[in-house]
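Work through the exercises below with the sequence and the coordinates open side by side. Each task is followed by a solution that proceeds step by step.

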Amino acid sequence: PPPTFVLTVINGTGSGSYPNHAVVPIVANAAPTGQKFDQWTGATVADPMAASTTLMMPNAATTVTATYAVIPEPPPGNWHDITWQQLGTELVFRVKP
């Protein structure tokens, strides 16, 4: 069998041992409250701005990290929340009258 190398995925899934050139799916964990997925850092991935992407395994142990950014608070004022639900996903929009 070909040699394998360790992939460590921090804040996500996909960690394991893979051979060189294996295309590995990686997925970021859900963002903490008040934050959103920002980007992948560390190893090169197919789409660093996508929470779900792939990584081509190099011929060495490597680490990739999902990072998160704080969602800014809207400016003060009279805001109204509008909730939209579809297939178990809930989105809340804030609008100013």
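A residue counts as exposed when its relative accessible area is over 50%, as buried when that area is under 20%, and as partly exposed in between. The model to which these terms are applied here is a predicted one.

**Exercise 1. Backbone angles in two loops**

Determine where asparagine 11 and histidine 21 lie, what sign their phi angles have, and whether each is buried, partly exposed or exposed.

Solution. Begin with the background: most residues other than glycine have a negative phi. Next, take histidine 21, which has a positive phi of about 75° although it is not a glycine, and which sits in the loop between strand 3 and strand 4. Because its relative accessibility is 53%, histidine 21 counts as exposed. Then turn to asparagine 11, where phi is near 65° and thus also positive in a residue other than glycine; its place is the loop between strand 1 and strand 2 (12-13). With a relative accessibility of 35%, asparagine 11 counts as partly exposed.

**Exercise 2. Strand content and sheet order**

State how many helices and strands the chain has, and work out in which order the 4 strands of the open sheet are arranged.

Solution. The chain contains 0 helices and 9 strands, so that its pattern along the sequence reads β-β-β-β-β-β-β-β-β. As a second step, consider the open sheet, in which 4 strands follow the order 3-1-7-5 with mixed pairing. Strand 3 (16-19) and strand 5 are its edge strands, each pairing on one side only, and neighbouring strands of this sheet are turned by 30° against each other on average when direction is ignored.

The third step is to go through the pairings along that order:

- Strand 3 and strand 1 run antiparallel and are joined by 4 bridges; threonine 4 has proline 19 of strand 3 as its bridge partner.
- Strand 1 and strand 7 pair in the parallel sense, again over 4 bridges, with leucine 7 standing opposite threonine 62 in strand 7.
- Strand 7 and strand 5 pair in the antiparallel sense over 7 bridges, and here glutamine 35 stands opposite valine 70 in strand 7.

**Exercise 3. The nonpolar core**

Identify which residues touch the most other members of the largest nonpolar core, and which strands each supply at least two of its residues.

Solution. As general background, nonpolar side chains tend to be buried together in soluble globular proteins. In this model the largest nonpolar core has 15 residues, of which Leu7, Ile26, Trp40, Leu55 and Val64 touch the most other members. Strand 1 (4-10), strand 4 (23-28), strand 5 (35-42) and strand 7 (62-70) each supply at least two residues of this core. To see one member in detail, follow leucine 7: beyond its neighbours within four places in sequence, its contacts include Tyr18, Val24, Ile26, Leu55, Met57 and Val64, and also Gly14, Ser15, Gly16 and Thr62. For the chain as a whole, buried residues make up 22% of the 97 residues.

**Exercise 4. An aromatic pair across two strands**

Describe the geometry of the pair formed by phenylalanine 37 and tyrosine 68, and explain which parts of the chain this pair ties together.

Solution. A search of the whole structure finds 2 aromatic pairs. In the pair of phenylalanine 37 and tyrosine 68, the ring centres lie 6.3 Å apart and the planes meet at 85°, an edge-to-face arrangement. Since phenylalanine 37 belongs to strand 5 and tyrosine 68 to strand 7, the pair ties together parts that are 31 residues apart in sequence. Both phenylalanine 37 and tyrosine 68 are buried, and together with Trp40 they form one aromatic cluster.

**Exercise 5. A polar contact between loop and strand**

Find which atoms of aspartate 47 and threonine 53 lie 3.0 Å apart, and compare the accessibility of the two residues.

Solution. First locate the partners: aspartate 47 is in the loop between strand 5 and strand 6 (52-56), while threonine 53 lies in strand 6. The atoms in question are the backbone nitrogen of aspartate 47 and a polar atom of the threonine 53 side chain. With a relative accessible area of 8%, threonine 53 is buried, whereas aspartate 47, at 36%, counts as partly exposed. Finally, leaving aside residues up to four places away in sequence, threonine 53 touches Val24, Pro25, Ile26, Trp40, Val45, Ala46 and Asp47, and aspartate 47 is in contact with Trp40 and Thr53.

How values were computed
Residues numbered from 1 in each chain as written. Predicted model: local features only at pLDDT ≥ 70, side-chain atom pairs only at ≥ 80, totals over all residues. Heavy atoms only, no water. Core = buried A, V, L, I, M, F, W, Y, C linked by side-chain atoms within 4.5 Å. Buried < 20%, exposed > 50% of the residue type's maximum accessible area, 1.4 Å probe, protein only. Contact = heavy atoms within 4.5 Å. Pairing = 2+ DSSP bridges. Polar contact = N/O pair within 3.5 Å; in protein donor to acceptor, adjacent residues only side chain to side chain. Axes fitted to C-alpha atoms, helices over the stretch in contact; angles between N-to-C directions. Phe/Tyr/Trp six-rings, centres within 6.5 Å; stacked < 30°, edge-to-face > 60°.
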